[in-house]
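Please open the model in your viewer and keep the sequence panel beside it. The tour below goes from one selection to the next and says what is found at each stop.

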Amino acid sequence: MNVCKVACRVAYELIGKHLPVSYHIGGKIASKIRYQMVKGYISSCGCDVNFEHGADISSTLKIGNHSGVGVNAHVPEHVTIGDNVMMGPYCLIYTRNHRHQITSDVPFRKQGYEEFKPVTIGNNVWIGGVTILPGVTIADNTVVAAGAVVTKSFPAGSIIGGNPAKVIKANS
């Protein structure tokens, strides 16, 4: 990571992350400041992207045009987000898990991690405050209801929700 990217990342973590949400007083300016900071250190950033207050954003993020990362969202390594994606607050995305071999010899906390399984969020997707597990693809034109735990991929145009998520309404 070059000096400029490091400076943008540090500025975001120390200042940008703590600026007000976009819909409060001063929020529009705060949103523009966060955008410039995050754009300076992530892999790929489209235009008119909103990074909300408290969002935890990996430097490997690729995000398209007119999309947003919700308040206090967690977006780790190996995530790709398309164009026109709306993400609600407290969205948690995971791209890997702890290893969990059931044995009395090695505690779970000492077993390390599984390999990364990238998460892809397509275009024109609306995501409530949800949890998305490793390896999932949220297809184009999909709505994911608030509170859903998405453990697998679903067809484009679906409305999904629940724990574990299931199709509420199929593509039309």
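A salt bridge is taken here as a side-chain nitrogen of Lys or Arg within 4 Å of a carboxyl oxygen of Asp or Glu. With that cut-off, a search of the whole structure, which is a predicted model, finds three salt bridges.

**Stop 1: the salt bridges of helix H1**

Select arginine 9, glutamate 13 and lysine 17, which are linked in a network of salt bridges. Between arginine 9 and glutamate 13 the side chains meet with an N to O distance of 3.3 Å, and both residues lie in helix H1, four residues apart, or about one turn of the helix. As a general point, an α-helix has 3.6 residues a turn, so residues three or four places apart point the same way. Glutamate 13 also forms a salt bridge with lysine 17, where the closest N and O atoms are 2.9 Å apart. Are the members of this network buried or partly exposed? Arginine 9 is partly exposed, with a relative accessible area of 24%, and glutamate 13 counts as partly exposed at 24% relative accessibility, whereas lysine 17 is buried at 14%.

**Stop 2: a nonpolar patch**

Next, select Val6, Val10, Leu14 and Ile15 and switch on the surface: these residues form a nonpolar patch there, and together they have about 350 Å² of accessible area. Leucine 14 is found in helix H1, which covers residues 3-14, and it counts as exposed because its relative accessibility is 62%.

**Stop 3: helix H2 and its salt bridge**

Move on to helix H2, residues 27-39, and place a distance between its end C-alpha atoms: they are 18 Å apart, which agrees with the 18 Å that its 13 residues should span at 1.5 Å a residue. The buried residues of H2 are Gly27, Ala30, Ser31, Arg34, Tyr35, Met37 and Val38, and what covers them includes H1 together with strands S1 (44-45), S2 (50-51) and S3 (56-57).

Now pick arginine 34, which forms a salt bridge with glutamate 52, the closest N and O atoms being 3.7 Å apart. This pair links distant parts of the chain, since arginine 34 belongs to helix H2 and glutamate 52 to the loop between S2 and S3, 18 residues apart. Arginine 34 is buried, with a relative accessible area of 0%, and glutamate 52 is buried as well, with a relative accessible area of 6%.

**Stop 4: the parallel sheet**

Switch to a cartoon view and colour strands S1, S4, S7, S10 and S13, which in that order form an open sheet with parallel pairing. S1 and strand S13 (137-138) stand at the edges, each with a single partner strand, so one side of each is left without a neighbour in the sheet. Within this sheet, strand S7 (residues 79-81) and strand S10 (residues 119-121) pair over three bridges, and threonine 80 stands opposite threonine 120 in S10.

Two loop residues may be selected from here. Histidine 78, in the loop between strand S6 (74-75) and S7, has a positive phi of about 65 degrees although it is not a glycine, and it counts as partly exposed at 33% relative accessibility. Asparagine 124, in the loop between S10 and S11, is likewise not a glycine and has a positive phi of about 55 degrees; its relative accessibility of 47% makes it partly exposed.

**Stop 5: the mixed sheet and its hairpin**

Select S8, S11, S14, S16 and S17, an open sheet of five strands in that order, with mixed pairing. Its edge strands are S8 (86-87) and S17, each of which pairs on one side only. S8 and strand S11 (residues 126-127) pair in the parallel sense over two bridges, and the bridge partner of methionine 86 is tryptophan 126 in S11.

At the other edge, strand S16 (residues 159-161) and strand S17 (residues 166-169) run antiparallel and are joined by three bridges, with glycine 161 opposite lysine 166 in S17. The two strands form a hairpin with four residues between them, and in its turn glycine 162 has a positive phi of about 105 degrees. Which peptide bond is cis? It is the bond that joins asparagine 163 and proline 164, with omega at about -5 degrees, and proline 164 lies in the loop between S16 and S17.

Key:
Residues numbered from 1 in each chain as written. Predicted model: local features only at pLDDT ≥ 70, side-chain atom pairs only at ≥ 80, totals over all residues. Heavy atoms only, no water. Patch = residues over 30% accessible without salt bridge, like charges linked within 9 Å, V, L, I, M, F, W, Y side chains within 5 Å. Areas by Shrake-Rupley, 256 points an atom, 1.4 Å probe, with all protein chains shown as cover. Buried < 20%, exposed > 50% of the residue type's maximum accessible area, 1.4 Å probe, protein only. Pairing = 2+ DSSP bridges. Expected span 1.5 Å × (residues − 1). Contact = heavy atoms within 4.5 Å.
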